[in-house]
Amino acid sequence: SEAFVKRGEVLITSRGATVGVFKATLFDCDSDLPVLASSSLFILHSIKEVLPEYLVAYLNSDKAQRELQDRATGATVRSIPRSELGEIKIPIPPIDKQQSIIALQQNIKQQNKLLNQRININFKIIDGIINTINS
């Protein structure tokens, strides 16, 4: 059925209340059981010559998010009709360039993870010093 999602397919939210709400993600789960996507998600089945990770990166970009917002309907809860989602023009660079974009994004994600770990360690250092002070 159209509502079942498979590993490697892209999911994008179809509605929400904030700007930048139409987030995309790669479904990366192994399951022996069929997985049914929520009615608030669209499943983007594989597209020839487009790596799913690139599609996710593009759909989450400011450029794509602005276009999605422009095509969204509703005042309080914005939603994007499937027909409008299908009208979005996605630039498709050669596979090697898509792979470079994906690698760069993964590198930045890893750097951000390490930076957040360092921030948490720094807070723990301060907490540790304060905890050693006698009141």
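This report covers a buried glutamine, a covered helix and a nonpolar surface patch. The model is predicted.

**Q98 in helix α4**

Q98 sits in helix α4. Its relative accessibility is 0%, so Q98 counts as buried; the cut-off for that is under 20%. Which residues does Q98 touch, leaving aside those up to four places away in sequence? They are E49, V50, L51, Y54, I92 and P93. Two of these neighbours also appear in the polar contacts of the Q98 side chain, listed here.

| Side chain | Backbone partner | Distance |
|---|---|---|
| Q98 | nitrogen of L51 | 2.7 Å |
| Q98 (polar atom) | oxygen of P93 | 2.8 Å |

**Helix α1**

Helix α1 spans residues 52–59. Is this helix mostly covered or mostly open? It is mostly covered, with six of its eight residues buried. Those buried residues are Y54, L55, V56, A57, Y58 and L59. Y54 is also one of the residues that Q98 touches. Several elements cover the buried part of α1. Among them are the strands β2 (10–13), β4 (24–26) and β6 (41–44). Helices α2 (62–71) and α4 also take part in that cover.

**The nonpolar patch**

Helix α4 runs over residues 95–132 and includes I130. I130 belongs to a nonpolar surface patch. Its other members are I121, I125, I126, I129 and I133. The patch area is about 580 Å².

**Helix α4 in summary**

Helix α4 holds Q98, which is buried. Helix α4 also holds I130, a member of the surface patch. In addition, α4 helps cover the buried residues of α1.

Conventions: Residues are numbered from 1 along each chain as its sequence is written. This is a predicted model: local features need pLDDT of at least 70, side-chain atom pairs count only at pLDDT 80 or more; totals for chains, interfaces and linings use all residues. Side-chain values use heavy atoms; hydrogens and water are left out. Patches are made of residues with over 30% relative accessible area and no salt bridge: like charges are joined within 9 Å, nonpolar side chains (Val, Leu, Ile, Met, Phe, Trp, Tyr) within 5 Å. Accessible areas come from the Shrake-Rupley method with a 1.4 Å probe; for residues, only the protein chains shown count as cover. A salt bridge is a side-chain nitrogen of Lys or Arg within 4 Å of a carboxyl oxygen of Asp or Glu. Helices (H or I, at least four residues) and strands (E, at least two) are DSSP runs, numbered from the N terminus. Buried means under 20% relative accessible area, exposed over 50%, partly exposed in between (1.4 Å probe, protein chains only). Contact means heavy atoms within 4.5 Å. A polar contact is a pair of N or O atoms within 3.5 Å; within protein, one must be able to donate a hydrogen and the other to accept it, and residues adjacent in sequence count only if both atoms are side-chain atoms.
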